[in-house]
Amino acid sequence: ATVVVTTILTILLFSAVLFAALRRLVLHPLRRLENIVDQIRRGQLEHITPEHSSDEMAGLTQAFARMAHHLAESNEQAQFLADHDSLTGLPNRRLFQEYLDKALAHAKRRDNTLVLLFLDVDEFKNVNDTLGHHAGDELLKEFAERLLKVLRSEDIIGLSRGAPGEMVARLGGDEFTILLPFVREPADAAKVAERILEQLREPFVINRQRFFVGASIGITLFPHNGSTVADLVKHADLAMYHAKRNGRNRVEVAANVSLDD
């Protein structure tokens, strides 16, 4: 009887030890792996943390965790590339139009003025023809930096909580836009445009050659020049072309608004 009891106790003890080892080495990593797969399925990639262990099953969960982090990074990069210009890093046309729509809705609710500047680089074709497209790309990148510098140096934006901020975007080619969604006075738009032209008076140095380029700038305002995204962009674009026809490197305002009001 003693031998039987001893044998049973030994078997039970061995089973308990075996179950504990099985739980630690197999069941826990399997549950962890199942959770990782479920998080990947639901797109919750940022919450996944790697398992720190040297056994093979934990190594498998580590591999899945690393894969999830790579997927998260790839998704973020893909989203950024979908919304931004690959050359300058600025928001692209799609993101700009989406943002302008939100800013316009906010301006309507708060009865605010919204300003849109449409810019085209003057003499850009000459740089491309003289030094090639690589030089033209370098010019566009520097041009974008100067636009951002103007906004950083101007204290004209007064934002309320939750209000959209200003945005500089590249629509394509040598066309850029600046959105000022909360402007104290319409004349402040002209101040920004003049600061841009002032920034462009400094030469662009590309391949050790100095180039002077200006910008034709069209300005449109909500609600003076329209109440839809399409109307504001159209009037700003027309004002920009009017600036080009009138000699370039200048500012024109959409016809039915006066900056002296």
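In this predicted model, Glu-142 is partly exposed, at 34% relative accessibility. Its salt-bridge partner is Arg-146, with 3.2 Å between the closest N and O atoms. Arg-146 counts as buried, at 10% relative accessibility. The bridge thus joins a partly exposed acid to a buried base. Both residues belong to helix α5, four residues apart, which places them about one helical turn from each other. An α-helix has 3.6 residues a turn, so residues three or four places apart point the same way.

Helix α5 spans residues 133–153 and holds another such pair, Glu-138 and Lys-141, three residues apart and separated by about one helical turn. Their side chains meet in a salt bridge at 3.1 Å, N to O. Glu-138 is partly exposed, with a relative accessible area of 31%. Lys-141 is partly exposed as well, its relative accessible area being 31%.

Helix α4 (residues 124–131) contains a pair with four-residue spacing, Asp-129 and Lys-125, about one turn of the helix apart. The closest N and O atoms of this salt bridge are 2.7 Å apart. Asp-129 is exposed, with a relative accessible area of 52%. Lys-125 is exposed too, at 58%. Side chains of opposite charge can pair when their charged atoms come close. The count for the model comes to 13 salt bridges.

Salt bridges also form a network, which links Asp-83, Arg-94, Glu-98 and Lys-102. Asp-83 lies in helix α2. It counts as buried, at 10% relative accessibility. Asp-83 and Arg-94 are eleven residues apart along the chain, yet their C-alpha atoms are separated by 6.7 Å. Beyond its neighbours within four places in sequence, Asp-83 is in contact with Leu-90, Pro-91, Asn-92, Arg-94 and Leu-95.

Asp-85 sits in the loop between α2 (56–83) and α3 (93–110). Asp-85 is buried, with a relative accessible area of 13%. With neighbours within four places in sequence set aside, its contacts are Leu-90, Pro-91, Asn-92 and Arg-170. Leu-90, Pro-91 and Asn-92 also appear among the contacts of Asp-83. Arg-170, in turn, has Phe-176 of β3 as its bridge partner.

The strands β2 and β3 (residues 175–180) pair in the antiparallel sense over five bridges. They belong to an open sheet of five strands, in the order β2-β3-β1-β6-β7, with mixed pairing. The edges are held by β2 (167–172) and β7, each with a single partner strand, so one side of each is left without a neighbour in the sheet. Neighbouring strands of the sheet are turned by 20 degrees against each other on average, direction ignored.

Strand β6 (residues 215–222) is mostly covered, with eight of its eight residues buried. In a regular strand the side chains alternate between the two faces of the sheet. Both faces of β6 are covered. One side carries Ala-215, Ile-217, Ile-219 and Leu-221; the other carries Ser-216, Gly-218, Thr-220 and Phe-222.

The partners of β6 run in opposite senses relative to this strand: β1 is antiparallel, and β7 is parallel. Strand β1 (residues 114–121) pairs with β6 over eight bridges. Here Leu-116 stands opposite Thr-220. Three bridges join β6 to β7 (residues 251–253). In that pairing, Gly-218 stands opposite Glu-252. Strand β6, helix α7 (residues 229–245) and strand β7 make a left-handed β-α-β unit.

Helix α6 lies across β1, β3, β6 and β7. It runs at about 165 degrees to β6. This helix (residues 187–199) has 13 residues and reaches 19 Å from its first C-alpha to its last, close to the expected 18 Å. Its buried residues are Asp-188, Ala-189, Val-192, Ala-193, Ile-196, Leu-197 and Gln-199.

How values were computed. Residues are numbered from 1 along each chain as its sequence is written. This is a predicted model: local features need pLDDT of at least 70, side-chain atom pairs count only at pLDDT 80 or more; totals for chains, interfaces and linings use all residues. Side-chain values use heavy atoms; hydrogens and water are left out. Helices (H or I, at least four residues) and strands (E, at least two) are DSSP runs, numbered from the N terminus. The expected span of a helix is 1.5 Å times one less than its number of residues. Buried means under 20% relative accessible area, exposed over 50%, partly exposed in between (1.4 Å probe, protein chains only). A salt bridge is a side-chain nitrogen of Lys or Arg within 4 Å of a carboxyl oxygen of Asp or Glu. Contact means heavy atoms within 4.5 Å. Two strands pair if DSSP finds at least two bridges between them. A crossover is right-handed if, with the strands pointing away from the viewer, the path from the first strand over the helix to the second runs clockwise. Axes are lines fitted to C-alpha atoms, for helices over the stretch in contact, and angles run from 0 to 180 degrees between N-to-C directions.
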